[in-house]
Amino acid sequence: MKRKTMVLPAVAGLLASVLTACAGSDDGGSGGGTIVVGTTDRIEATADGPAPLDPAQAYDVGSWAVMHNAFQTLMRLPRSGTDPVPDAAERCGFVDRRSEQYRCTLRAGLKFANGHELTSADVKFSLDRVRAIHHENGPVELLSSIDKVEAPSPREVVIHLSTPDATFPSKLTTPAAAIVDSETYGKKSLYKGFASAGSGPYTMEAEDSGDRVTKLVFEKNPNYQGKLNPQTDKIEMRYFDDAAEMEKALADGDIDVVNREFAPEQIEKLEAGEVDGVRVFESSGQAIRYLVFNTEAPAVKEKAVRQAIAHVVNRQALMRDVYKRTGEPLYSLIPTGTTAHINSFHNAYGDPDVEKAAQILRAAGIQGKVKLPLTYSTEKYGPETAKEFTALSKQLNASGLFTTTLKDVKWSDFRPAAARGEFVVYGMGWFPDFPDPDNYIAPFIGDNNFLKSPYRNATIEDRLIPSTRQVGQRAMATRDFQRIQDIIADDVPVLPLWQAKQYVAAREDITGTEYAVDSSAMLQLWELGRGTKD
């Protein structure tokens with residue numbers, strides 16, 4: 001968010017797809033008509049982010065869900081699994097032992113949806129462009145290991161890396177590496193608004209009101225060259241102001257798919273069968289929620305304060321009382337189910353213990369209650385976020401060690417203010433850009449971390465992360481990743497809170513729901529079709 005300011009939905013990283021027969025929708029695809037997707041994601045143009053569907057700027061799950069279906073990348077994730085496979089490329093691979101030179105051959109006959117030819121020059125242009133624009137809140141860090149890109153022939157691309165990076169093929173599956181039309185996009189300027197010029201399985205047209213997207217229409221791209229086989233010719237994505245409005249549209253049969261963000265109570269209703277003909281499937285998710293500490297802010301600059309907070313926060317209570325067990329307590333930035341995960345924070349701090357927190361503060365010479373401003377954004381993460389932060393506030397205040405204040409900030413203001421260091425403690429979510437432990441560590445550490453956090457750790461940045469990126473067999477990097485998790489648990493620049501469960505709910509006549517979300521939690525519209533009821 002995930003990837004991206006890859007952000008979590010209201011329900012513990014919920015990615016719920018509820019599919020129904022659509023009343024009044026146009027006939028569209030070979031699968032029996034248009035499928036309509038509802039979501040409460042916000043895609044809007046702002047002064048700080050005027051191009052929310054431009055790969056050089058977009059870094060949130062709502063925008064990436066759109067771009068994932070309208071653009072091609074050299075590589076993509078498969079239906080299931082985590083090993084990248086060719087997309088716009090016919091084949092790709094490292095050509096040296098140090099994982100520093102990556103060579104791809106493009107498919108023959110590639111075209112953009114507008115009919116323009118797609119060549120290696122467009123690939124070079126696209127990768128160079130993201131790095132040249134270097135948008136403050138964009139995904140440029142995913143391409144930071146690139147030294148230079150060459151296009152020696154119309155179908156050949158050679159990418160030279162400045163340092164070894166075994167995760168690079170996975171990074172090429174993300175919309176950060178989306179291939180754009182060099183005749184349409186500016187080399188050093190953003191493509192403002194909501195249009196796109198991609199070569200993915202679908203074309204995309206947007207309707208907007210007040211600089212905010214209200215509807216997107218995806219149609220099967222006649223110029224698409226690739227192995228994906230869209231099951232529906234036309235898909236609409238409609239944007240709702242809140243989950244209650246979206247739930248009503250679902251109940252009325254006005255939408256076919258609900259993709260994010262139902263509240264816990266709504267999930268309970270679906271699981272109880274209160275929406276006729278809907279099947280709900282639950283699986284482990286990889287999205288996470290966490291607190292961020294501005295380690296230069298006086299209130300939390302002392303590590304002892306952050307450690308004391310880690311001793312006080314009760315994750316189990318948050319999951320039980322706020323999220324009704326639609327998520328799992330999380331004790332590391334790397335979630336369970338991902339290679340190298342260990343419960344570093346639980347190992348360091350155990351169950352909530354106010355006395356141990358008090359001992360840490362006293363040993364550091366900190367007297368009196370620590371004043372903690374807590375900041376969050378319900379506009380982005382949903383109304384449950386306010387309940388979550390109210391619960392966190394009560395836990396901290398009840399310890400007698402802290403005095404908290406709460407502030408809810410509009411998302412368009414939240415991200416820029418956080419990047420400027422204006423918040424002391426604030427809540428964020430993360431969807432993985434790609435399914436590898438590196439993607440839960442590297443984006444949060446170093447000079448160009450996406451949080452703009454001042455936290456630095458030379459051992460992680462200069463030794464451990466570079467070491468893991470030289471290991472092609474990712475399980476062999478487990479020891480270094482576990483060491484990183486232990487260091488973060490000791491320094492507490494962030495505090496992991498909980499991990500998503502993932503829900504897909506579908507009407508009986510909808511096919512492809514088992515493949516509708518890939519291993520990085522990206523929506524794959526091309527998998528959705530309409531069949532017959534069981």
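A cavity is a set of points where a 1.4 Å probe fits but cannot get out. Keep that in mind, since a cavity is where this tour starts. One thing to know before you click: this is a predicted model.

**Stop 1: the largest cavity**

The largest cavity here has a volume of about 350 Å³. To find it, select Thr46, Gly49, Gln57, Asp60 and Trp411, which lie nearest its centre among the 20 residues of the lining. Which helix supplies the largest share of that lining? It's helix 12, residues 411-419, with 4 residues.

**Stop 2: helix 12**

So select 411-419 next. Of the 9 residues in helix 12, 8 are buried, so the helix is largely enclosed by the rest of the structure. Click through the buried ones: Trp411, Ser412, Phe414, Arg415, Pro416, Ala417, Ala418 and Ala419. What do they pack against? Show strand 14 (370-376), helix 10 (378-381) and strand 16 (425-430), and you have the partners. Before you leave, step just past the end of helix 12 to Gly421, which takes a positive phi of about 80°.

**Stop 3: helix 13 and its two sides**

Now select residues 458-468, which make up helix 13. Colour its buried residues, Ile460, Leu464, Ile465 and Thr468. Then turn the view until you are looking down the helix axis: these buried residues fall within an arc of 95°, so they line one face of helix 13. Which exposed residues sit on the face turned away from that buried side? Give Ala458 and Asp462 another colour and you'll have them. As for the buried side, what covers it includes helix 14, residues 478-491.

**Stop 4: Asn457, at the start of helix 13**

Zoom in on Asn457, in the loop between strand 16 and helix 13. Is Asn457 buried or exposed? Its relative accessible area is 13%, and buried means under 20%, so Asn457 counts as buried. Show its side chain: an oxygen there reaches to within 3.1 Å of the backbone nitrogen of Thr459, at the start of helix 13. The side chain of Asn457 also has a polar contact of 3.3 Å with the side chain of Asp491. Setting aside neighbours within four places in sequence, Asn457 is in contact with Ile487 and Asp491.

**Stop 5: the largest pocket**

Next up is an open space. The largest pocket holds about 810 Å³. Select Thr82, Asp83, Pro435, Ser519 and Ser520 to land by its centre, as they lie nearest to it among the 39 lining residues. Then show strand 4 (89-94), helix 3 (168-171), strand 12 (278-293) and strand 17 (494-507), each of which supplies at least two residues of the lining. Which of the elements gives the most? Strand 12 does, with 6 residues.

**Stop 6: the nonpolar cores**

In soluble globular proteins, nonpolar side chains tend to be buried together. To see this model's largest nonpolar core, which has 118 residues, begin with Tyr290, Phe402, Met428 and Leu495, the members that touch the most others. Pick Phe402 and show what is around it. Beyond its neighbours within four places in sequence, Phe402 is in contact with Val305, Ala308, Ile309, Val312, Lys369, Val370, Leu372, Leu396 and Asn397. Apart from this core lies another, of 28 residues, among them Leu110, Leu118, Ile133 and Val157.

**Stop 7: Arg131**

Select Arg131 in helix 2, residues 120-133. Arg131 is partly exposed, with a relative accessible area of 24%. What does its side chain reach? It makes a polar contact of 3.0 Å with the side chain of Asp128, and one of its polar atoms lies 3.3 Å from the backbone oxygen of Asp147. Leaving out residues up to four places away in sequence, Arg131 touches Val140, Leu143, Ile146, Asp147 and Val149.

**Stop 8: His68 and Gly210**

Finish with a pair of opposites. His68 sits in helix 1, residues 61-70, and counts as buried at 13% relative accessibility. Not counting neighbours within four places in sequence, His68 is in contact with Asp518, Met522, Leu523, Gln524 and Trp526. Gly210, in the loop between strand 8 (202-209) and strand 9 (212-220), counts as exposed at 70% relative accessibility. For a last click, draw a line from Gly210 to Arg306: their C-alpha atoms are 41 Å apart in space, and the two residues are 96 residues apart in sequence.

Notes: Residues are numbered from 1 along each chain as its sequence is written. Side-chain values use heavy atoms; hydrogens and water are left out. A nonpolar core is a set of buried Ala, Val, Leu, Ile, Met, Phe, Trp, Tyr and Cys residues joined through side-chain atoms within 4.5 Å. Buried means under 20% relative accessible area, exposed over 50%, partly exposed in between (1.4 Å probe, protein chains only). Contact means heavy atoms within 4.5 Å. The arc is that of the directions from the helix axis to the C-beta atoms. A polar contact is a pair of N or O atoms within 3.5 Å; within protein, one must be able to donate a hydrogen and the other to accept it, and residues adjacent in sequence count only if both atoms are side-chain atoms. On a 1 Å grid over the protein atoms alone, a cavity is a set of points where a 1.4 Å probe fits but cannot get out, and a pocket is an open set with protein on both sides within 12 Å along at least five of seven lines; lining residues have an atom within 4 Å of a point. Grid points are joined across faces, edges and corners, and a volume is the space filled by probe spheres set on the points.
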